[in-house]
Amino acid sequence: MTGSYDDTASIMFEVSSDSFWEIGNYKRTVRRIDDGNRLCNDLMNCIHERARIEKSYAQQLTEWAKRWKQNTEKGPQYGTLERAWTAIMTEAEKVSELHLKVKGLLMSEDFEKVKNWQKEAFHKQMIGGFKETKEAEDGFRKAQKPWAKKLKEMDSIKKAYHAACKDEKLAISRENASKLDANMNPETMKKLQDRVEKSNQEVQKIKEKYKKSLEELDKCTPQYIENMEQVFEQCQQFEEKRLGFFREVLLEVKKHLDLSTNPSYVGIYHDLEQTIQMADAEEDLKWWRSNNGPGMAMNWPQFESNGQPLALQNKRWSILDWSVDLNRSLSKRDKKKHTDGITLTGMNQTSEQAAQVSKHSSSYLSVPNSSVQSSCNPFDDEAEEEAVVEEEKNSSPVSEKKEEIKTKNISSCEKNKDSSDEDSTNPFSTDTNGNSNPFDEEPSPGIEVSVRALYDYEGQEQDELSFKAGDSLTKMGSEDEQGWCKGRLSSGQVGLYPADYVEEIQ
């Protein structure tokens, strides 16, 4: 016996390795090519999802900015702080635009870049799979084929050698057992000894073949390594291109996502900070004082005689006071009615003009009946007066027009004379003769519609309603020619309001 057999050594030879050089283990490298194509799809999906997030975020910013800008404009905040608050919404709108640009860059540049590279790097075959995968598979198989053939022969000889060693060991065990048996037949002993000798010769013979097979395999190993390395390097170069391309794309994605390096983005917050810094509490308080406090202008009450302004100085009419008192006495509806008229203010009179004005005043405005003068305002029909003045400027005869104005003033004053003082102060009352208030056109009864205020309105006259945006009220009748309506608040107050300040509740 020239050698012994160890079971542990046999186990070591039988355990397969996970090395790249083992038969078929190159397939992991080949599979990496297919994985590269799948990773291109994953990267495109990743970029696409981020683009959708950017778009969604931009839309939410825009909706938020629009909603809160309206709330701020309609809310009670005012002045420079309102502008600072609104600047926050302006920032959101600008940032929304930048995020929409980011979405566009991600899809038009990064996504398309990966898609085009994938088409150039991976070529599909008619039978399925990719050309690059098949080339790598064929290269590794060709490089491994000679060495694999030698390895297979060596493995078969190795198994035969291990089997011969087992037989030799078994024969030796039987021979030793027969020597301890005194009743053993000498012929049987001879056979066992021959078996041992024959097994030993068989082991030596197979052992020589085994060593020779290993030597031949060793000779093929360098060429095998070289061929495998060559194909592997080709796969490495392909993978290197993919890794470098992915790195380049990710840097581009970072560049598009990083708004901190965008000059426009930096400018947005620079402008926002400046606008907020400009908020001045003292200036806002002064504005409030001038527009809502003691700083507001006031038409303080003045003495009036027979409804006429006390503005006679040196027996001459003051056209300035006439205009101011007329504008103050008219209601909003009548002002809108005469917006096309001409109001003379701040006119200085010469001696001739004073005489002419005095003459016109006595001719157009004087009423012979003193009782009518005590209850009639000479400014009730401004349109007719303007027509007379226009005719006078053109030097046309006005005697017939003067008489017409006199007649209308007298008839109007006689009708109003019979009405009581209580009815004359009620903006919604009707006189005893059935004539309606000249400042109110009563809508047809029974037509009531629920409306909602679109804007705040503060009544300027006694017969006007005051309400806030969002308040509900009841529209009574239809809109008049001047754009006013009669309505009732939820508190029960009845009055006039501008028709375009409300909308019907559907």
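This section describes the fold, cores, strand pairing and salt bridges of a predicted model. Local features were taken only at pLDDT of at least 70 and side-chain atom pairs only at pLDDT 80 or more, whereas totals for chains, interfaces and linings use all residues. Residues are numbered from 1 along each chain as its sequence is written, and side-chain values rest on heavy atoms, with hydrogens and water left out.

The secondary structure of the chain comprises 14 helices and 7 strands; helices (H or I, at least four residues) and strands (E, at least two) are DSSP runs, numbered from the N terminus. Of the 506 residues, 30% count as buried, where buried means under 20% relative accessible area, exposed over 50%, and partly exposed in between (1.4 Å probe, protein chains only). The chain exposes about 33,600 Å², of which carbon and sulfur atoms supply 51%; accessible areas come from the Shrake-Rupley method with a 1.4 Å probe, and for residues only the protein chains shown count as cover. Among contacts between residues at least 6 apart in sequence, 70% join residues at least 24 apart, a contact being heavy atoms within 4.5 Å.

The largest nonpolar core holds 47 residues. Such a core is a set of buried Ala, Val, Leu, Ile, Met, Phe, Trp, Tyr and Cys residues joined through side-chain atoms within 4.5 Å. The members that touch the most others are Ile47, Val114, Phe122, Phe140, Met228 and Val249. Two or more residues each are given to this core by helices H2 (27-74), H3 (79-121), H4 (131-179) and H5 (186-257), and the largest share, 13 residues, comes from H5. Beyond its neighbours within four places in sequence, Met228 is in contact with Phe20, Trp21, Tyr26, Phe140, Ala143 and Gln144. Apart from this core lies another of 13 residues, including Tyr457, Leu465, Phe467 and Val502.

Ala143, one of the contacts of Met228, is found in helix H4 and is buried at 5% relative accessibility. Leaving out residues up to four places away in sequence, Ala143 touches Tyr224, Asn227 and Met228. The C-alpha atoms of Ala143 and Glu229 are 9.1 Å apart, although 86 residues separate the two in sequence.

On the surface, Trp64, Trp68 and Trp85 make a nonpolar patch of about 300 Å². Patches consist of residues with over 30% relative accessible area and no salt bridge; like charges are joined within 9 Å and nonpolar side chains (Val, Leu, Ile, Met, Phe, Trp, Tyr) within 5 Å. Within this patch, Trp68 belongs to helix H2 and is partly exposed, at a relative accessible area of 35%.

Strand S5 (residues 484-489) has 5 of its 6 residues buried and is therefore largely enclosed by the rest of the structure. Strands are taken as paired if DSSP finds at least two bridges between them. S5 runs antiparallel to strand S4 (residues 472-476), to which 4 bridges join it, and Thr474 stands opposite Arg488 in S5. S5 is also joined to strand S6 (residues 494-498) by 5 bridges, again in antiparallel fashion, with Trp484 opposite Pro498 in S6. S5 and S6 form a hairpin with 4 residues between them, and Gly492 in the turn has a positive phi of about 100 degrees.

The structure holds 15 salt bridges, defined by a side-chain nitrogen of Lys or Arg within 4 Å of a carboxyl oxygen of Asp or Glu. Glu93 and Lys69 form one of them, at 3.3 Å from N to O. Because Glu93 lies in helix H3 and Lys69 in helix H2, this pair ties together parts 24 residues apart in sequence. Glu93 is partly exposed, with a relative accessible area of 28%.

Helix H4 contains salt bridges between residues about one turn apart. Lys134 and Asp138 are 4 residues apart in this helix, and their closest N and O atoms are 3.0 Å apart. Both count as partly exposed, Lys134 at 39% relative accessibility and Asp138 at 31%. Lys134 and Asp138 are also linked with Glu137 and Arg141 in a network of salt bridges. Asp155 and Lys158, 3 residues apart in H4, meet in a salt bridge of 3.9 Å, N to O. Here Asp155 is partly exposed at 27% relative accessible area, whereas Lys158 is buried at 12%.
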